[in-house]
Each structure stands twice: as C-alpha cells, then as structure tokens.
Amino acid sequence: MCQVNAIGLVSFGYHNKKECKKIAQRIRTISRRFQSSNHPVDFTLIEAAQYNLQNDKDRKKWSKIMHEQDGYVFIIPKDTESITDDITAALKEVSEEVKNKTLLLVYYGIENRFGENLDAVELARSLDMVVLYETVDLPYMDSSRATAFDKFESTEKETLENIEKLLYWTMGMKYTRSLIRQGR
C-alpha cells in the first residue's frame, strides 16, 4: 500500500480571504486528476489568516497542520506590503515543520508599484524549503475587471504542470527526509 502524499494549499489572503480561498479551492479541484491508487494525494485547504499566532492554542494548531503536510502550494497576493510581517511571522513560527519540504508559489492580484513586497522565494529558502523554480502567476484584472478566479481557466494547464512537478518533488523529498531521520 502506498503512503498518501499530503499537500497543503495555504492561502495567505489576510485582506482578501474570499478571493484567495476561491483560488485555493479551484487548485484543489483541478488537482484531483492526480489522484491514483499508486500515488494517492490529499490536498488540504489551510487559511493562514484563521490562526492568531499570539494565541498559544492557535499557534499549536498552525504548527500541527503544517507539520502534517509533505509539500505546499502557497497562494499569495502580489501586493504583500501590508501583510509581509504576517506571512513572515507565520512561516518562521513553523520553520522546523516546513524544513526540507517542497513549495510551489501561486501569486495573484495587482503588484504594488510603490512599496516593497515580500520575496517569498528567499523567505522559503531561508527556512530550508525546496522551492520549485517556476511559479504560477495568475492575472488579476483586465479591461473587463475580471478577478483572478475568473481568469484562472486560462492558466489551468500551466498550473497543473507545475503541481505535477510539485508532486514528484514531494515524493522525492519525503524519501530524502526519511533517510535524514535514519541518519544516512
């Protein structure tokens, strides 16, 4: 019997929870095609904003759910100026839980042209995460004012290709972590 690979779809939409959650749910739906008896995968929706890291109980829940995942898809708005500290604190809180685990970044929204944005790749690497070099960049608005979710269909193929790569990397890193634990 094969072990289930657990992938956390982590939404960091602190100010736009609804849009971020819709994107996470869509990724979960389209990714179900990777389910097979040979390589079972469990995609878990995780909303970072629901955990108050000042509260000890929430901090333990956040740590536990992140520990249970073998890999992650982080869904992050492009404009992170007002939430950079929240994302950084949330990830540093679980630095041991995410160490040597895989990550695919999905960005959405409009970039902030004036402020500094979070470099999520560098933050993840500083936590010893294995970051896939390609990220998924979802369009947010066009002349018809369509949201990222509405425009998601045009990027589904690219998103699926990257999730498939994430799954293969996750299986490899899961094996690597088992060897590290055994001291080989």
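Ala, Val, Leu, Ile, Met, Phe, Trp, Tyr, Cys and Pro count as nonpolar, Asp, Glu, Lys and Arg as charged, and the others, Gly among them, as polar. Keep that sorting at hand for the tour below. One more thing before you start clicking: what you have open is a predicted model.

**Stop 1: the whole chain**

Begin with a cartoon view of everything. The chain has 184 residues, and 49% of them count as buried. Its secondary structure comes to 7 helices and 6 strands. If you trace the elements from the N terminus, you meet them in the order β-α-β-α-β-α-α-β-α-β-β-α-α.

Now switch on a surface. The chain exposes about 10200 Å², with carbon and sulfur atoms supplying 47% of that area. Turn to contacts next, looking at those between residues at least 6 apart in sequence: 81% of them join residues at least 24 apart.

**Stop 2: the cavity**

Select Ser 11, Gly 13, Lys 17, Cys 20, Glu 47, Ala 48 and Ala 49, which line the largest cavity. How many cavities of 30 Å³ or more does a search of the whole structure find? The search finds 1. The space in the largest cavity is about 40 Å³. Try sorting its lining by the classes from the start of the tour: you should get 3 nonpolar, 2 polar and 2 charged residues.

**Stop 3: the nonpolar cores**

In soluble globular proteins, nonpolar side chains tend to be buried together. To see this here, select Val 10, Phe 12, Trp 62, Met 66, Phe 74 and Leu 105, which touch the most other members of the largest nonpolar core, a set of 29 residues. Several elements supply at least two residues each to this core: α2 (56-67), β3 (71-77), α3 (84-93), β4 and α5. Of these, α5 gives the most, with 4 residues.

Zoom in on Phe 12 and show what surrounds it. Leaving aside neighbours within four places in sequence, Phe 12 is in contact with residues including Cys 20, Ala 48, Trp 62, Phe 74, Ile 87 and Leu 91. Two of those names may ring a bell, as Cys 20 and Ala 48 also belong to the cavity lining.

Apart from the largest core lies another, of 20 residues; to find it, select Tyr 108, Leu 160, Ile 163 and Leu 167, which are among its members.

**Stop 4: the largest pocket**

Next, select His 67, Lys 99, Lys 101, Arg 177 and Arg 181. Of the 13 residues that line the largest pocket, these are the closest to its centre. The pocket has a volume of about 290 Å³. Which elements give two or more residues to its lining? They are α4 and α7 (156-182), and the largest share, 4 residues, comes from α7. Colour the lining by class and you will find 9 charged, 3 polar and 1 nonpolar residues.

Stay with Arg 177, which sits in helix α7. Is Arg 177 buried or exposed? Arg 177 counts as buried, because its relative accessibility is 9%, and buried means under 20%. Not counting residues up to four places away in sequence, Arg 177 touches Asp 70, Lys 99, Asn 100 and Lys 101.

**Stop 5: two loop residues**

Click on Asn 100, one of the residues that Arg 177 touches. Asn 100 is found in the loop between α4 (95-98) and β4 (102-108). Most residues other than glycine have a negative phi. Asn 100, however, has a positive phi, near 60°. At 23% relative accessibility, Asn 100 counts as partly exposed.

Then move to Asp 128, in the loop between α5 (120-126) and β5. The phi of Asp 128 is also positive, near 65°. Asp 128 counts as partly exposed as well, at 39% relative accessibility.

**Stop 6: Val 130**

Finish with Val 130, in strand β5 (residues 130-131). Val 130 has a relative accessibility of 22% and therefore counts as partly exposed. Draw a line between the C-alpha atoms of Val 130 and Lys 99: the two residues are 31 apart in sequence and 8.3 Å apart in space. Lastly, show the contacts of Val 130. Not counting residues up to four places away in sequence, Val 130 touches Lys 101, Thr 102, Leu 103, Trp 169 and Met 173.

Conventions. Residues are numbered from 1 along each chain as its sequence is written. This is a predicted model: local features need pLDDT of at least 70, side-chain atom pairs count only at pLDDT 80 or more; totals for chains, interfaces and linings use all residues. Side-chain values use heavy atoms; hydrogens and water are left out. On a 1 Å grid over the protein atoms alone, a cavity is a set of points where a 1.4 Å probe fits but cannot get out, and a pocket is an open set with protein on both sides within 12 Å along at least five of seven lines; lining residues have an atom within 4 Å of a point. Grid points are joined across faces, edges and corners, and a volume is the space filled by probe spheres set on the points. Buried means under 20% relative accessible area, exposed over 50%, partly exposed in between (1.4 Å probe, protein chains only). Contact means heavy atoms within 4.5 Å. A nonpolar core is a set of buried Ala, Val, Leu, Ile, Met, Phe, Trp, Tyr and Cys residues joined through side-chain atoms within 4.5 Å. Accessible areas come from the Shrake-Rupley method with a 1.4 Å probe; for residues, only the protein chains shown count as cover.
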